[in-house]
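I opened a new notebook page to go through this structure one item at a time. My entries follow in the order I looked things up.

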Amino acid sequence: GSLYTDAPVSGMRATIAKRLTQSKNSEVPHYYLMNECNAENMMATIKHLNTKSNGKFKISVNDYIIKCLARANSIVPQCNSHWHGDFIRHYQTVDVSVAVATPTGLITPIIKNAHAKGLAEISVEAKELAKKARDGALKPEEYLGGTATISNLGGMGIPNFTAIINQPHSMILACGGIVPKPEILANEEGEFEMTGKVIKTISFTASFDHRVVDGAIGAEWFKHFKDAIENPMSLLL
């Protein structure tokens with residue numbers, strides 16, 4: 001027969017397996033909404049802000065997405081809520097859990113009060129937490145909790161994917177990579193035309209818990225999230 005080796009299952013891997021199986025297969029009725037966003041303004045804003053950093057920070061696409069999710073969750077609080085069987089708990093702060101791959105498995109350090117933090121602060125904190133996660137140095141209060149989750153595989157060349165909800169959260173946002181596409185706009189007659197330009201786009205898939213977030217609410221959330229991605233000025237509101 002084929003050669004093989006058996007690797008023992010670590011406690012962390014066993015916990016991941018149990019929780020994700022519970023979430024996807026038995027407890028959380030997932031549904032998915034997808035959307036593609038024009039990333040030109042986002043990328044220009046990130047580049048502009050980083051020129052002013054004097055080496056103190058380097059904002060990434062993921063940092064910007066964290067801020068946009070926090071804004072959308074503030075506007076649509078149903079998506080910042082957790083199912084608890086006989087009640088739904090609505091959180092007044094947006095604490096974003098960020099999925100980080102480590103040698104022993106996936107862990108989700110938390111950017112707390114992300115709605116109230118600027119991009120530079122989010123960027124510095126996210127990098128510090130990611131390093132601690134990879135070094136196995138996170139304290140429990142740094143990864144237990146959160147109100148919503150982000151998983152980003154864009155940096156690994158994945159254009160889009162769906163993610164499994166991290167219970168008891170009611171949503172997780174799956175972020176793809178930047179993809180160049182021809183720009184298509186509607187003319188005065190309402191017909192679509194190619195402009196001849198190539199623009200940067202980015203695709204997102206949000207998984208929602210239907211017990212907490214109905215489809216129309218999820219669509220409302222996506223409207224505000226897309227606005228924040230495409231119109232950076234909205235983050236000032």
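Before anything else I fixed my cut-offs: I call a residue buried under 20% relative accessible area, exposed over 50%, and partly exposed in between. I also keep in mind that this is a predicted model.

**Entry 1: the whole chain**

I started with the overall make-up. The protein chain has six helices and 10 strands. I then looked at the radius of gyration, which is 19 Å; the globule rule gives 18 Å for 237 residues, so the chain is as compact as a globular protein of that length. Along the principal axes, the C-alpha atoms fill a box of roughly 60 × 50 × 45 Å.

How much of the chain is buried? I noted 42% of the 237 residues. The chain exposes about 13100 Å², and carbon and sulfur atoms supply 57% of that.

I also checked contacts between residues at least 6 apart in sequence. Of these, 66% join residues at least 24 apart.

**Entry 2: salt bridges**

Side chains of opposite charge can pair when their charged atoms come close. I wanted to know how many salt bridges there are, and the count comes to eight. I wrote up three of the pairs.

Lys-181 and Glu-36 form a salt bridge, with their closest N and O atoms 2.5 Å apart. Lys-181 sits in strand S9 and Glu-36 in strand S1 (residues 30–38), so this pair ties together parts that are 145 residues apart in sequence. Are the two partners buried or exposed? Lys-181 has 32% relative accessibility, which makes it partly exposed. Glu-36 has a relative accessible area of 33%, and because that falls between the two cut-offs, I list Glu-36 as partly exposed as well.

Next I looked at Asp-63 and Lys-127, whose salt bridge has its closest N and O atoms 3.5 Å apart. This pair links distant parts of the chain, with Asp-63 in helix H3 and Lys-127 in helix H4, 64 residues apart. I then checked the cover on each partner. Asp-63 is buried, at a relative accessible area of 3%, while Lys-127 is partly exposed at 41%.

For the third pair I took Lys-131 and Asp-135, whose side chains meet in a salt bridge at 2.8 Å, N to O. Lys-131 is exposed, with a relative accessible area of 51%. Asp-135 is exposed too, and its value is 51%.

**Entry 3: helix H3**

Asp-63 sent me back to helix H3, where it is one of the buried residues. H3 has 15 residues and reaches 21 Å from its first C-alpha to its last, close to the 21 Å expected at 1.5 Å a residue.

How many of the H3 residues are buried? I get 12 of the 15, so the helix is largely enclosed by the rest of the structure. The buried set includes nonpolar names such as Ile-65, Ile-66 and Leu-69. Lys-67 and Arg-71 are on that list too, and so are Asn-62 and Asn-73.

**Entry 4: backbone oddities**

Most residues other than glycine have a negative phi, and most peptide bonds are trans. I went looking for departures from that and noted three.

Which way does the peptide bond from Gln-167 to Pro-168 go, cis or trans? That bond is cis, with omega near 5°. Pro-168 is in the loop between strand S8 (148–152) and strand S9 (171–186).

Asn-54 is not a glycine, yet has a positive phi of about 50°. I found Asn-54 in the loop between helix H2 (40–50) and helix H3 (61–75). With a relative accessible area of 69%, Asn-54 is exposed.

Asn-113 also has a positive phi, about 55°, although it is not a glycine. Asn-113 lies in the loop between strand S7 (110–111) and helix H4 (119–134). I put Asn-113 down as partly exposed, at 33% relative accessibility.

**Entry 5: a nonpolar patch**

Last, I turned to the surface. Which residues make the nonpolar patch? Ile-184, Phe-192 and Met-194 make a patch of about 390 Å². I followed up on Phe-192, which is in strand S10 (residues 192–209). Phe-192 has a relative accessible area of 66%; that is over 50%, so I mark Phe-192 as exposed.

Key:
Residues numbered from 1 in each chain as written. Predicted model: local features only at pLDDT ≥ 70, side-chain atom pairs only at ≥ 80, totals over all residues. Heavy atoms only, no water. Patch = residues over 30% accessible without salt bridge, like charges linked within 9 Å, V, L, I, M, F, W, Y side chains within 5 Å. Areas by Shrake-Rupley, 256 points an atom, 1.4 Å probe, with all protein chains shown as cover. Salt bridge = Lys/Arg side-chain N within 4 Å of Asp/Glu carboxyl O. Helix = DSSP H or I, 4+ residues; strand = E, 2+ residues; numbered from the N terminus. Buried < 20%, exposed > 50% of the residue type's maximum accessible area, 1.4 Å probe, protein only. Rg over C-alpha atoms; globule rule 2.2 N^0.38 Å. Contact = heavy atoms within 4.5 Å. Expected span 1.5 Å × (residues − 1).
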